[in-house]
Amino acid sequence: MTAPLHEVHPAGPGRALPDTQQGMRRRNLGRVLHTVSAEGPLSRAAVASRIGLTRAAVSTLVDELIRFGLLEELGPERPGRVGRPGSALAVSGRGPAGVGAEVGVDHLAVCAMDLRGRVRARAVRHVANRGRSPKPVAEELAALVRQVVADAEQQELWPAGLAVAVPGLIARDGRTVVRAPNLGWHDTDLGALLPGDLPLTVDNEANFGGLAELWLGDGTPRDFLHVSAEIGIGAAVVVDGRLLRGTRGFAGELGHVPVEPDGPACACGGRGCLEQYAGEEAVLRAAGVEQGEDRVGLLAERAAEGDERVRRALRDAGRALGVALTGAVNLLDPQLVVLGGALAGVAPWLLPSLEAELARRTAGPACPVAVSRLGPKGPLLGAAHSVVRAVLDDPAAVAERA
Ligand SMILES: [Zn+2]
């Protein structure tokens, strides 16, 4: 069995820390920073009680994190309380930032996120990337990264790493695109085409979408299946708060689960894959909606107006999703299915038939289905947040580089 790698940065800064005193100190720095990030502002005493270390030990760690510029003191907390007031601590809004990037079939996007999880700079370019060779796409993406980094630097932020979401199969080296059928790429070392001055991770967009849901979603459980329905359909399987990657890192290819064994041929080499029925292009074709910039918005508009052809196309897509998801739900027994990606925008017309199929076909009680609040922004936010989390996991490593 392959040793489990860190769920976000397979080769990056999140790797397991050594079991030495120094490793222990670094882990504890991470625990303090994570706690303040998740629950802050908090006093030193509150942090100590949450992580089960002495107040003195926490004070030393906090002082170090303040020196690194990763924590800030906001001043006395809760005046009027009996005893000496503790100073409330918050994660700094300056310093290291996560840079997330997305290579879409029809766009490129980049954003910079601070340690508080706020997007502080972003850039989007609508461009048809299907069939383009990887080199010019990477060059264009690198230009957007430079633009966003310059904007972030104006705000006293510096890039701690770059994470790129790609709609394709990514090798476990975290940089090679093995196959991206909707871009027409295969065996592309994207890492070699992007600037080498930042720690880099490339991952599948559906994985980043699922992780965004886990980290930034509203009360998302620790066992769920996240479906990213775009031009391609991908899924992320999250088990006990960790992404299930599979042996080669290719788990979650829901779009290529067969719905009709003898259906239309698919770019993957199979027939009747889910993508042929519920992928964005299949739905637009069935609905008679032209390809354009805000196609899903147009679908939603027509469906809301009562356009029966559009509504039928969405019902059929929901049914196909329900059939494919039944297989996954029966196999994995998740607590929740989350529908994300662009098609989350037409959920009101997809969900009834999807849920009906799930209810009819699952062995146990039907698995509930929720719609992602993050929608199409999930993969980009998940990518940026993966870098932020790597900083929170091992703040000392980042301080060394600052
Ligand atoms: Zn396929």
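## Helices α10 and α11

In this predicted model, helix α10 and helix α11 (residues 347-361) pack with axes that come within 7 Å. They cross at roughly 35 degrees. The crossing is right-handed.

On the α10 side, the contact is made by Arg311, Leu314, Arg315, Ala317, Gly318, Arg319, Leu321, Gly322, Val323, Leu325, Thr326 and Val329. On the α11 side, the contact is made by Trp349, Leu350, Leu351, Pro352, Ser353, Leu354, Ala356, Glu357, Leu358 and Arg361. By class, the residues of this contact divide into 13 nonpolar, four polar and five charged.

## Helices α9 and α10

Helix α10 (residues 308-332) also packs with helix α9 (residues 295-305). Here the axes are 8 Å apart and the angle is about 115 degrees. Therefore α9 is roughly perpendicular to α10. Which hand does the crossing of α9 and α10 have? α9 passes α10 in a left-handed crossing.

From α9, Leu299, Arg302 and Ala303 make the contact. From α10, Val310, Arg311 and Leu314 make it. The residues divide into four nonpolar and two charged, with no polar residue. Arg311 and Leu314 of α10 take part in the contact with α9, and Arg311 and Leu314 also appear in the contact with α11.

## The five-stranded sheet

An open sheet of five strands has the order β13-β12-β11-β14-β15. Its pairing is mixed. Which strands lie at the edges? They are β13 and β15 (369-371), each pairing on one side only.

β12 and β13 run antiparallel and are joined by two bridges. Valine 238 stands opposite leucine 243 in β13. Helix α6 (residues 205-216) packs on the sheet. It touches β11 (224-229), β12, β13 and β14 (336-340). The direction of α6 makes about 45 degrees with that of β12.

## The β12-β13 loop

Between β12 (233-239) and β13 (242-243) runs a loop that holds aspartate 240. This residue has a positive phi of about 50 degrees, although aspartate 240 is not a glycine.

## The three-stranded sheet

A second open sheet is built from three strands in the order β7-β8-β9. Pairing is antiparallel. The edge strands are β7 (169-170) and β9 (185-189), and each pairs on one side only.

How many bridges link β7 and β8? Two bridges link β7 to strand β8 (residues 176-180), in the antiparallel sense. Leucine 169 stands opposite arginine 179 in β8.

## Helices α1 and α2

The axes of α1 and helix α2 (residues 44-51) come within 10 Å. They cross at roughly 110 degrees. α1 is therefore roughly perpendicular to α2. This crossing is right-handed.

Arg31, Val32, Thr35 and Val36 of α1 meet Val47, Arg50 and Ile51 of α2. The residues of this contact divide into four nonpolar, one polar and two charged.

The loop between α1 and α2 contains proline 41. A cis peptide bond joins glycine 40 and proline 41. Its omega is about -5 degrees.

## Domains and the contact of domains 1 and 2

The domain assignment of the protein chain gives domain 1 (21-91), domain 2 (95-209 + 379-401) and domain 3 (219-373). Domain 2 is thus written as two segments, 95-209 and 379-401. The centres of domain 1 and domain 2, taken over C-alpha atoms, are separated by 31 Å.

The contact takes 11 residues from domain 1 and nine residues from domain 2. Which helix gives the most to the side of domain 1 that touches domain 2? Helix α1 (residues 21-39) does, with six residues. The residues on that side of domain 1 divide into six nonpolar, four polar and one charged. Helix α1 thus serves in this domain contact and also packs with α2.

Key:
Residues are numbered from 1 along each chain as its sequence is written. This is a predicted model: local features need pLDDT of at least 70, side-chain atom pairs count only at pLDDT 80 or more; totals for chains, interfaces and linings use all residues. Two strands pair if DSSP finds at least two bridges between them. Helices (H or I, at least four residues) and strands (E, at least two) are DSSP runs, numbered from the N terminus. Domain bounds come from an automatic or database domain assignment. Two residues are in contact if their C-beta atoms, placed from the backbone, lie within 7 Å. Ala, Val, Leu, Ile, Met, Phe, Trp, Tyr, Cys and Pro count as nonpolar, Asp, Glu, Lys and Arg as charged, and the others, Gly among them, as polar. Axes are lines fitted to C-alpha atoms, for helices over the stretch in contact, and angles run from 0 to 180 degrees between N-to-C directions. Angles under 35 degrees count as roughly parallel, over 145 as roughly antiparallel, 65 to 115 as roughly perpendicular and the rest as oblique. A crossing is left-handed if the near helix is turned anticlockwise from the far one by less than a right angle, and right-handed if clockwise.
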